[in-house]
Amino acid sequence: MTHAMLKGSNIPLDALTIRAVLRWTPGPGVPDVDASALLLGDAGRVRSDEDFVFYNQPRHPSGLVRHLPKKRLVEGMTDSLEADLPALDGSVTRVVLAASADGGPFGLVKDLSVLLYDMAAGGPEAAAEPVARFDVQPETGDETAMICGELYRRGEGWKFRALGQGYASGLVGLATEFGISVDDAAAPAGGPEPVAEPPVPVPSYPPGAGYGYPPAPAGPAPGFRLPPQGPQFLAR
């Protein structure tokens, strides 16, 4: 049975390996969407830049979180992530499932949803029903990055929470919120230095939910810095 998720709701996960599939309807004027994952520790931040899994860094060093190639299906375009949850290091308390829009804001993205599949049941390739589905709705339409949901530890198990929290600062702004170092030298030659815009205000969840995100900066983010092996924010 597929759980139809509402914003802020959560469900326990029995699956050992989860595939999170972002799906949307492509078309003229519709931005492309990229899925990414951030592995967070107790402080709500990545332990290193290697904890950011996305199109330019598609595999975590542990091999336990992976970004998969995009697919065009009858139902729409998809971009997917896989996570072997029980095998993750105990210092990882959350895996944030995020999306960024390339070529426009999320207000132009049609039918965006995130679907969770149990890979032990064969996943989407086996026409298995998703464990959960969350239709992601932007708050203002100006967001260029979204936290769609999170996989988080609860006791000895894992749960999924639907979020739909938006940012107007794109993939770079979202990544720096969680401690990723990004170099301004990674901007295309001749282009302006990346400057994060203030994030779109969104309602916060009560402390009882247990997993609040770091407050967004009131103004532009400081200059970015990229270690030699850090994520590369370059045109694909």
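Tutor: Contact here means heavy atoms within 4.5 Å of each other, and the structure we discuss is a predicted model.

Student: Which residues have the most contacts inside the largest nonpolar core?
Tutor: Nonpolar side chains tend to be buried together in soluble globular proteins. In this model the largest nonpolar core has 40 residues. Those with the most contacts inside this core are Leu22, Leu88, Leu116, Leu151 and Phe160.

Student: Which residues does Leu151 touch, not counting residues up to four places away in sequence?
Tutor: Leu151 is one of the residues with the most contacts inside the largest nonpolar core. With residues up to four places away in sequence left out, Leu151 touches Leu13, Ala83, Leu85, Thr93, Arg94, Val95, Leu97, Leu116, Trp158, Lys159 and Phe160.

Student: How many residues does the second, separate core have?
Tutor: This second core is separate, and Val46, Val96, Tyr167 and Leu174 are among its members. Its residue count is 18.

Student: How many of the 10 residues of strand β11 are buried?
Tutor: Strand β11 covers residues 145-154 and is mostly covered. Taking buried as under 20% relative accessible area, the number of buried residues in β11 is 8.

Student: Which residue in β12 stands opposite Ala145?
Tutor: Strand β11 runs antiparallel to strand β12, residues 157-167, and 9 bridges join the two. They form a hairpin with 2 residues between them, and Gly155 in the turn has a positive phi of about 65°. Opposite Ala145 in this pairing stands Tyr167.

Student: Which residue in β11 stands opposite Ala99?
Tutor: Strand β8, residues 94-102, is joined to β11 by 7 bridges, and the two strands run antiparallel. Opposite Ala99 in β11 stands Met146.

Student: Why is one side of β1 and of β6 left without a neighbour in the sheet?
Tutor: An open sheet is formed by 6 strands in the order β1-β10-β9-β3-β7-β6, with mixed pairing. Because β1 (3-5) and β6 (65-73) each have a single partner strand, one side of each is left without a neighbour, their place being at the edges.

Student: Which residue in β9 stands opposite Arg23?
Tutor: Strand β3, residues 17-25, runs antiparallel to strand β9, residues 110-118, and 7 bridges join them. Opposite Arg23 in β9 stands Ser113.

Student: Is Asp111 buried or exposed?
Tutor: Asp111 lies in strand β9, and its phi is positive, about 60°, although this residue is not a glycine. Exposed requires a relative accessible area over 50%; since that of Asp111 is 56%, the residue is exposed.

Conventions. Residues are numbered from 1 along each chain as its sequence is written. This is a predicted model: local features need pLDDT of at least 70, side-chain atom pairs count only at pLDDT 80 or more; totals for chains, interfaces and linings use all residues. Side-chain values use heavy atoms; hydrogens and water are left out. Two strands pair if DSSP finds at least two bridges between them. Helices (H or I, at least four residues) and strands (E, at least two) are DSSP runs, numbered from the N terminus. Buried means under 20% relative accessible area, exposed over 50%, partly exposed in between (1.4 Å probe, protein chains only). A nonpolar core is a set of buried Ala, Val, Leu, Ile, Met, Phe, Trp, Tyr and Cys residues joined through side-chain atoms within 4.5 Å.
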